[in-house]
Each structure stands twice: as C-alpha cells, then as structure tokens.
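Colleague: I have a structure open and I'd like to learn how to read it. Could you walk me through it?

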Amino acid sequence: MMAIIGAFTSLVGALFFLLSGIGLIRMPDAFNRMQAGTKATTLGSILFLIGIGLQEPDYLGRTIILVVFIVLTNPVSSNALARAAHGYRKHIGAKMVPDALAEANEKTADAAAKDGSGKEAAHVD
Amino acid sequence: MRTLKAKMLASLALWVAWMLLTAPWSNQEAIAGAVVALLVAFLPLFPASPLGDLRLTPKAIAYGFAYVFVFIKALVLSNFDVAFRVLHPKLPIDPGIVRVTTKLKTPLGRLLLANSITLTPGTITVEMRGEDIYVHWIKVAATDPESATAAIVGNFEKYLEVICG
Amino acid sequence: MAETVFSIATAIAVLGLVLSGYRFLKGPWAIDRTVALDVMTIITTSLIVAFALFSGRRIYVDVGLVYGLVGFVGVVALARYLEGGL
C-alpha cells in the first residue's frame, strides 16, 4: 500500500520536473526561466524523493536529508544566478518594466562620481 | 549565552543529521554520534553559526511550526502558478524588479525571508542591500515599495519576526 | 503496480532532463546554460536516488547526496564567476 502511494507521489514530482523543463524552453529570458526552473524543481524533488522514501523505508532518512538540503540550497543558487544575470540584462534582452535595482545602482554610481573619491561602485555596467 | 545556544543548536542539528544517515538505530551509534556532534560544534574551528538568532520560547516554537505550514502552502501555490503561466498558450508574464523593505534585523531571519520569497508565487530575490530586498516579480502588480512589501513580504514577516526577530 | 507507476515517473523525469538539456545546448547566453545546469543537477540527483531503488543498492543514495552537494557548489561557483566576483 505504502509502495503504491509512494509511486504516485513520485509520479506527481516527475510531472513537476517535466514542467520545469517545459518552462526552461518556453520562457523568454533567463530570469523567467529561473522562476520556472527553481520553483518546479524544488517541489518536484521534494515529492519525487519522499515518494522513493515511502517505497523503500530504509532510504527515508537519507531522502529527508536530501530534501532539507535541496530546500535550503536551491533558492541560494537561484539567487546567485539572478544576481549574475542582472549584470547581463542588456545582453540577454531581459525586459523588466520597473527595474528598481538598476535605478539604485545608477544612484550609487552618481553619488560616487559626485563624491570624486575614485572608488567605483560595484556591479555597474 | 548566545554563542552557547548557537553551538548547542548546531550540535543538535548535526546529531539529527547523523541519526537520519544511520537509519536502523542502535544505542552505541547514537551515543557516539552525540559525542562527535558536541565535539565538532564546540571546537573553535568555525565562526558563530547564525542559529543563535532563533528564539526558543514556546510562542516562537509554535510560530515556527505554523511558518512551516505557511511555507509549504506558498510553495504548492507557487508551483501551480508556474504551471499556469508555463502551460498557458499566451504566456501571461509582465516581469519587473521591485524594491521591498524588511523589518527583520538578524542574519538568519533575513536568510529565511529571502529563501521564502524565492519559493513563493512569482517572485525571486535578486539582491539584498541592508534592509532593502530587490525582487524579480513575474507579474508586477504594484511598483511602489509599500504595497509591494505588503504583497510579497507581509505574509512571512509576521511569523519570522516572532521566530528570529 | 507500484513498480510500473514508478518506472513511468522516472521516464517523465528523464524527459524533463532532456528538455532542460535542450536549453543547456541551445543557450543562447552563458547565464541561460547555467540556469539549465542548475535544473539538470537537481533532476540528476533525484534520478540517482531512483537508480538506487531500481538496482536495490543503498550506496547510490549516498552518491546522490554527494552529487547534490557538489552540484550546488558548482552552480554557485559558475554564478559567481559570471558575476565577476571569483
């Protein structure tokens, strides 16, 4: 009984993996691909791994560790990628209508230029 | 006191991870794991872990459990949101980066908040400077910081404020 | 029953891996490839654990655990490199 529940849980998780793959192909730029990829793989891997743990209770402890690890680290890597992508937003043609981060960068760059201290503001392209 | 709490919590976390890794338990393994976890946490090798920011009052623990459920609900909702946007033939997106502010002071609280924002419907954290968080929003609904803060952060902040200030 | 459903689940996960692999090959920019690599790392970790279940050998779960760790460090290192901070 447990094995059947686990197998169906894994099936739902695998559907979210498929969804992240479709999202990576359909979305127009790197930020939106990240939106689809990070969220769908997080829930997908939670369900897929817990499903495996339900099918084979010996593995349950390790799959729980893996799930906690993925939930903690997946947003971190997506955040690092988003910061990197923001530096290339003009190259990759990302359309963002209010871009508060670019405005803040311009403001600090202006302040540094007015200051005349010669220090370059970080991450200005 | 604060560093002692951080080290005790770190050794507890290490011990729980050890117990999950050695799935069929025996007493000897549990005791050896506890000793090694305490040793590793109290050796002066690592800087103070941010776990010391957690509050351990009963109210904070109750809010912690409530936060887990709120987080899981937000994660499931965000996945259905992604599914809707990805599978919709017209791809209904309207992305932008908005600035939100947080009232949380501690590093652990901000880390949890940033991770939660990334896993909730339609938003990912791009950059964090002091108390400003810059969030990529797949369908911008509000551009001014106040209403964006209420829409994105408000739901989690009231729990995280109790859990880890 | 359970085995059949789980085989179908694994096949769907492999299909997701192939789709993200298409994005990894097509690009067009390095950042897109890195996003695809991030997704592929997570799916591959799950598939390694699934392989442990298929082959009945517990050691592959540990392999999946270590692959998850190394993949995370690799993706973050690539992102920091693209950002110019490495």
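Modeller: We'll go through an interface, some salt bridges, a pocket and a cavity in turn. Keep in mind that this is a predicted model.

Colleague: How much area is buried between chain C and chain A?

Modeller: The general idea first: the size of an interface is often given as the accessible area lost when the parts come together. Here, chain C and chain A bury about 4,200 Å² between them, and carbon and sulfur atoms give 77% of that. If you'd rather think in residues, 49 residues of chain C are in contact with 48 residues of chain A.

Colleague: How many salt bridges does the rule find across the interface of chain C and chain A?

Modeller: Side chains of opposite charge can pair when their charged atoms come close. Across this interface the rule finds three salt bridges. To look at a salt bridge there, zoom in on Asp32(C) and Arg33(A), whose closest N and O atoms sit 2.6 Å apart. The rule also picks up eight residue pairs in polar contact across the interface of chain C and chain A.

Colleague: Which elements give two or more residues to the side of chain C that touches chain A?

Modeller: Those are helix H1 (2-26), helix H2 (30-55) and H3, each belonging to chain C. H2(C) gives the most, with 15 residues. Sort that side of chain C by class and you get 31 nonpolar, 10 polar and eight charged residues.

Colleague: And over all chains, how many salt bridges does a search of the whole structure find?

Modeller: Eight over all chains. Try Glu127(B) and Arg83(A), whose side chains meet in a salt bridge at 3.7 Å, N to O. This pair crosses between chains, running from strand E2 (residues 123-129) of chain B to helix H3 of chain A.

Colleague: On to the pocket. How much space lies in the largest pocket?

Modeller: For a pocket, I'd take the volume, then the lining, then the residue classes. The largest pocket holds about 2,100 Å³ of space. It is lined by 50 residues, and the closest to its centre are Val68(A), Leu72(A), Ala13(B), Leu51(B) and Leu112(B). Several elements give two or more residues to this lining, among them helix H2 (30-55) of chain A, helix H4 (107-118) of chain B and helix H3 (59-83) of chain C. The largest share, 11 residues, comes from H3(B).

Colleague: How do the residues of that lining divide into nonpolar, polar and charged?

Modeller: The lining of the largest pocket has 44 nonpolar residues, five polar and one charged.

Colleague: How many cavities of 30 Å³ or more does the rule count?

Modeller: The same reading order works here. The count comes to one cavity of 30 Å³ or more, and the largest cavity has a volume of about 110 Å³. Its lining has 13 residues, with Thr73(A), Thr41(C), Ile42(C), Gly68(C) and Phe72(C) closest to the centre.

Colleague: Which helix gives the most to the lining of the largest cavity?

Modeller: H3(A) does, with five residues. H2 and H3 of chain C each supply at least two residues as well. By class, the lining of the largest cavity has five nonpolar, seven polar and one charged.

Methods
Residues are numbered from 1 along each chain as its sequence is written. Chains are lettered from A and ligands numbered from 1 in the order in which they are written. This is a predicted model: local features need pLDDT of at least 70, side-chain atom pairs count only at pLDDT 80 or more; totals for chains, interfaces and linings use all residues. Side-chain values use heavy atoms; hydrogens and water are left out. On a 1 Å grid over the protein atoms alone, a cavity is a set of points where a 1.4 Å probe fits but cannot get out, and a pocket is an open set with protein on both sides within 12 Å along at least five of seven lines; lining residues have an atom within 4 Å of a point. Grid points are joined across faces, edges and corners, and a volume is the space filled by probe spheres set on the points. Helices (H or I, at least four residues) and strands (E, at least two) are DSSP runs, numbered from the N terminus. Ala, Val, Leu, Ile, Met, Phe, Trp, Tyr, Cys and Pro count as nonpolar, Asp, Glu, Lys and Arg as charged, and the others, Gly among them, as polar. Contact means heavy atoms within 4.5 Å. Buried area is the accessible area (1.4 Å probe) that two parts lose on being put together, summed over both. A salt bridge is a side-chain nitrogen of Lys or Arg within 4 Å of a carboxyl oxygen of Asp or Glu. A polar contact is a pair of N or O atoms within 3.5 Å; within protein, one must be able to donate a hydrogen and the other to accept it, and residues adjacent in sequence count only if both atoms are side-chain atoms.
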